[in-house]
Amino acid sequence: MKKKLNQLAATAICGNDISSSCLYVSALAIVYAGQYAWISLLMVSIVLFLFRKIYGEVVGALPLNGGAYNALLNTTKKSTASFAAALTVLSYMATAVISASEAVKYTHGLWGGIPILYTTILLLAVFMALAISGIGESSKVAIVIFVFHLCSLVTLCLFSIYFLINHGFDVLYSNFKAPLKGSITMALFFGFAAAMLGISGFESSANYVEDQKKGVFPKTLRNMWIVITVFNPLLAFLALSIIPIATINANEETLLSFMGNLTGGQWLLYLVSVDAALVLSGAVLTSYVGIGGLVERMALDRILPSFLLKKNKKGSSFLIYITFFLLCSSILIITLGDLKALAGVYTMAFLSVMILFAIGNVLLKVNRNNLPRPERAGWISIVIAIAGVAIALLGNMILNPDYLIIFLDYLIPTLLVVGFMLYRTTVLKGLLLFIDYLTSEKLAIFKSLSFKIKKAIHKINNQQFVFFTNHDDVATLNKVLQYISANENTKRLKIVAVLNEDNHIAPNLRNDVRVLDRAYPLINIELIEEKGIFGPEKIQELSKRWNIPINFMFIGSPDEQFAYRVEELGDVRLII
């Protein structure tokens, strides 16, 4: 068993991403909401509080890596889950590239003379190497960055409060009397929409939950919520208390550095700038860790190529991190470091992922209601949370309509890759028909290609799947076959009844299997009576004996009386 992350380590990895929002979200909210920005940021905190329960319920019931993808994979169709996964991948790519670039720009602002584009690629390479070295080593770096960041923010807040006390409240009164461009309602709406950027990273912890100690995950959610609830509104309020709004708007990109210079002098400006470079670098690390857990799960489920699963001596899926680095670097080179376009991808993608995760919670309640879970989110909370994120998504579309087009430009190619992996046998069969037509026209050059395609289709369909049951409910078994036909490329299914000495096979199970075998002629259904006790050891044993990955083994949704937690069974999927 590899060493699991404690509360501080797990919080630091995801916390660097979400807490880096302090560097820009307060200024961004002030641009759109003016003197009411701190209220917009508190509204964001309320929505995030509701998502704590949503994430707590879903991941508590299904504590497996994958975030929204895992939630939807175990509650609905594989294609829907794959769509969520594609959005999450885009979100991580945008986060890594933007954070790395901004970190280098902060460093350039301090010392100058460094080539921003090449240094950004070098920074991405450094964190790729760190991710390849393992999550344990990554967490040590993340902890140092996170603690330094929190200390820097506390220092800045204390000096700002001291400055306010010494210089009076004239600026605060002046700012709060300043006229708004529109109504208070519209100011809060657009301020809220812009401020929702400040919760990016909240979804990350769910993508490496298997690497965390038991009970740590909900604490990471609580800790992230506390950080953004305290610092984001407080920094916005303090900025409005000591700096005129016009000056804030003029220094939007480096507001905290400006506050540091104003309240503490040159040394505090340098402290905040160094902190900005470090914590943005920490957000890059969060992207690597999150993408590692997600893509590994996708590759195991045959949504991405299996070669990505190759591991080094430390058990790290190094090809995932290398591929991610190459993709991020290519985006940097193509855009020449102009990342305004990626900001749209970043916003649309992660807000969409949040909505899909909440929908996964709804499906969990409806389709897997008997599944044990440590806490439950209320229906009203879920509706308000979805509405809140949907409003933010709409607001960002109104503020930046061009971002939607750019988002689709990135999303469509990603979906094409995932779609091909999901429906590759159908695509290959269509290609085979075309090749066979050319072959019939005596173009013999295509015969070898036709043979290779047939071989590939056979290999894909020859993958065996397993469903564990000892119930003779033909309707349930029919649902299993319908799920497999709609979601998996296979022609082989083992229905396995694990029987101990006191158990016997269900009376009608053999007959039910024969009926279904005739009803689904394209799938070879085999009933196996396996002696032993159903549990993690038996699943591991059968996986090795039959050479079938555990994530190709399915069960029905267990209830409170079931002897094991879902995570104890490995990557077994719930499909009924």
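Start with the whole protein chain on screen: buried residues make up 55% of its 576 residues. Keep in mind that this is a predicted model. Colour by secondary structure and you'll have 22 helices and five strands to look at.

Now zoom out and turn the chain around. Along the principal axes, the C-alpha atoms fill a box of roughly 85 × 60 × 45 Å. How does the radius of gyration sit against that of a compact globule? With 576 residues, such a globule would come out near 25 Å, and the protein chain has 26 Å, so the two agree. If you like drawing contacts, take those with a separation of 6 or more: 80% of them join residues 24 or more positions apart.

Next, select the cysteines. How many disulfides does the structure hold? Zero. Go to Cys 157, which is in no disulfide; the nearest cysteine sulfur belongs to Cys 22 and lies 8.4 Å away. Cys 157 counts as buried, because its relative accessibility is 5% and the cut-off for buried is under 20%.

Then hop over to Cys 328. Why is there no bond here? The closest cysteine sulfur is in Cys 14, and at 19 Å from the sulfur of Cys 328 that is too far. Is Cys 328 buried or exposed? Buried, because its relative accessibility is 0%.

On to the empty spaces. A search of the whole structure turns up two cavities of 30 Å³ or more. For the largest cavity, select Lys 78, Asp 301, Arg 302, Met 421, Leu 422, Arg 424, Asn 487, Glu 488 and Asn 489, which line it. The volume they surround is about 40 Å³. Colour this lining by residue class and you get five charged residues, two polar and two nonpolar.

For the last stop, select Gln 464, Arg 492, Leu 493, Lys 494, Asn 524 and Glu 526: these line the second largest cavity, which has a volume of about 30 Å³. Which elements give two or more residues to this lining? They are β2 (492-499) and β3 (524-531), so show both as ribbons while you're here. β2 gives the most, with three residues. Sorted by class, the lining of the second largest cavity has three charged residues, two polar and one nonpolar.

Definitions and conventions:
Residues numbered from 1 in each chain as written. Predicted model: local features only at pLDDT ≥ 70, side-chain atom pairs only at ≥ 80, totals over all residues. Heavy atoms only, no water. Disulfide = S-S within 2.5 Å. Buried < 20%, exposed > 50% of the residue type's maximum accessible area, 1.4 Å probe, protein only. 1 Å grid on protein atoms, 1.4 Å probe; cavity = no way out; pocket = protein on both sides within 12 Å on 5 of 7 lines; lining within 4 Å. Points joined across faces, edges and corners; volume = space filled by probe spheres on them. Nonpolar A, V, L, I, M, F, W, Y, C, P; charged D, E, K, R; others polar. Helix = DSSP H or I, 4+ residues; strand = E, 2+ residues; numbered from the N terminus. Rg over C-alpha atoms; globule rule 2.2 N^0.38 Å. Contact = heavy atoms within 4.5 Å.
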